[in-house]
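Please open the model in your viewer and keep the selection tool at hand. The tour moves from one selection to the next, and at each stop it says what is there.

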Amino acid sequence: MLNAALAVWLEQHAEALNAGEADVSLALLQQLGQADVFRQGIPKHLGGLGNTLKDAIETVAKVAEYSVTAAFVSWSQRTYIEYLLTAKADVLDEFRFDELLTGEYAGATGLSNAMKFLSGLEPLQIRAEAVAGGWKLNGKLPWVTNFHPAGFTVAVAADSAQGPLLFLVPSDRAGFDRRPNLELIGLKGSSTAAATLTDVIVSPTELLSDKATQYLPAIRPAFLGLQCALSIGLIKRNLQQVIAKKHSNVVNDQVAYIQQQLEENLAVLFSGLESGQFVTQARRLFEIRIALSELTQHAIQLELCSTGGKCYLTPYEDGFTRRLKESAFIPIVTPSVLQLKTELSRLSA
């Protein structure tokens, strides 16, 4: 159940978040933190609610019913926190763990490039060179969300002489150049931007993993599972908009079909996450992500067709234009549907 005050705030500010209005966008992270969105699935002894990753996914999905911009930020923050759960407990304070839970500090999951690298889709775009006391990083991060203007730490993957490495890089480090926000058509309040790293020095404490090819498959289920929450929430909101009006049996049958497909995919998703099977059997997880993306497109079209011309009239569209832009983002968020289908084709070869 989503915090009632957060639900009201998101309903009031969904359009402003999508448009990237500065004051609302800057306030978003703390609004989410105050509602305990980031404590879901975190052990109690670390300041969490002591529930499961399923609870975290369901919470982010509930956020997405109101605003995919807010859910996108929630995904980045909560996924970054998931990375820290694998770190040694004695370094959590150094990475501002408590502030991440409250939304007072931002964490960005810059490992989309790494996930594509894992599937052989593109090379790593950061290079790490060993130097006295750590490593020197050079390269680019072309598209990362939750680059909060007040500061953040981003998880990055880098190629090196000893193989792929994963680091946690603070944005205030010398040589870290956060570029202006990308000119997106929607989700503008997500603080999504590029960055250039020029001779950025990181310490051994900031090394997340020196075995990236083993670490990434282990973290991928949470990465993609939390990402699926964007689709889940948007599908549910589309159906709510449809169900709120009286329709023919043809429309009602489509609603029932989408609901059934959603429930079936969620059952497999949560079962696979709980059992751990997706660590070694990623194919099924990819298929779920693709299926949910396709259901998102089905659901938004059903909302359009069942509502008719009112969806094209500004006074009556009731957030449809925003949801249409949100649904267009679902297939392209990394790893994109096309990239996943390419990987499935490779696995079948």
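Begin with the second largest cavity of this predicted model, whose lining draws at least three residues from each of domain 1 (4-106) and domain 2 (108-209). To see the lining, select Ser 25, Leu 28, Leu 29, Val 73, Asn 146, His 148, Gly 189, Ser 190 and Ser 191. Which helix gives the largest share of this lining? Colour helix α2 (residues 22-34), and you have the element that supplies that share, namely three residues. If you then colour the lining by class, you will find three nonpolar and six polar residues, with no charged residues among them. The space enclosed here comes to about 30 Å³.

Next, move to the largest cavity, which has a volume of about 60 Å³. The count of cavities of 30 Å³ or more comes to two. Select Met 115, Lys 116, Ser 119, Leu 121, Arg 220, Phe 286, Pro 335, Gln 339, Leu 340 and Glu 343, since these residues form the lining of the largest cavity. Colour α6 (112-118) and α11 (337-348) as well, because each of them supplies at least two residues of this lining. The largest share, three residues, comes from α11. How do the residues of this lining divide by class? Five are nonpolar, two are polar and three are charged. In terms of domains, the lining of the largest cavity draws at least three residues from each of domain 2 (108-209) and domain 3 (212-348).

Now leave the cavities and turn to the strands. Select β2, β3, β7 and β6, which form an open sheet of four strands in that order, with antiparallel pairing. The edge strands of this sheet are β2 (126-131) and β6, each of which pairs on one side only. From one strand to the next, the twist averages 5 degrees.

Walk across this sheet starting from β2, which is joined to β3 by six bridges, the two strands running antiparallel. As a marker for this pair, select Ala 128, which stands opposite Leu 137 in β3. Continue from β3 (residues 134-144) to strand β7 (residues 193-202), where seven bridges join the two antiparallel strands. Keep Leu 137 selected and add Val 200 in β7, as these two residues stand opposite each other. Finally, step from β7 to strand β6 (residues 176-181), with which β7 pairs in the antiparallel sense over four bridges. Here Asp 177 can serve as a marker, with Thr 196 in β7 as its bridge partner.

The last stop is another open sheet of four strands, in the order β1-β4-β5-β8, and in this sheet the pairing is mixed. Its edge strands are β1 (106-109) and β8, and each of them pairs on one side only. Neighbouring strands in this sheet are turned against each other by 25 degrees on average, with direction ignored.

Select strand β5 (residues 165-170) on its own before you look at the strands beside it. Is β5 largely enclosed or largely open? Six of the six residues of β5 are buried, so this strand is largely enclosed by the rest of the structure. Show the side chains as sticks, and you can follow Leu 165, Phe 167 and Val 169 pointing one way from β5, whereas Leu 166, Leu 168 and Pro 170 point the other way, all of them buried.

Then bring in the partners of β5, beginning with strand β4 (residues 152-158), which is joined to β5 by six bridges and runs antiparallel to it. Select Ala 157 to see it standing opposite Leu 166 in β5. The two strands β4 and β5 form a hairpin with six residues between them, and in the turn you can pick out Gly 163, which has a positive phi of about 105 degrees. Strand β8 (residues 207-209) also runs antiparallel to β5, and two bridges join this pair. To finish, select Leu 166 once more together with Ser 209, which is the bridge partner of Leu 166 in β8.

Conventions
Residues are numbered from 1 along each chain as its sequence is written. This is a predicted model: local features need pLDDT of at least 70, side-chain atom pairs count only at pLDDT 80 or more; totals for chains, interfaces and linings use all residues. Side-chain values use heavy atoms; hydrogens and water are left out. Two strands pair if DSSP finds at least two bridges between them. Buried means under 20% relative accessible area, exposed over 50%, partly exposed in between (1.4 Å probe, protein chains only). On a 1 Å grid over the protein atoms alone, a cavity is a set of points where a 1.4 Å probe fits but cannot get out, and a pocket is an open set with protein on both sides within 12 Å along at least five of seven lines; lining residues have an atom within 4 Å of a point. Grid points are joined across faces, edges and corners, and a volume is the space filled by probe spheres set on the points. Ala, Val, Leu, Ile, Met, Phe, Trp, Tyr, Cys and Pro count as nonpolar, Asp, Glu, Lys and Arg as charged, and the others, Gly among them, as polar. Domain bounds come from an automatic or database domain assignment. Axes are lines fitted to C-alpha atoms, for helices over the stretch in contact, and angles run from 0 to 180 degrees between N-to-C directions.
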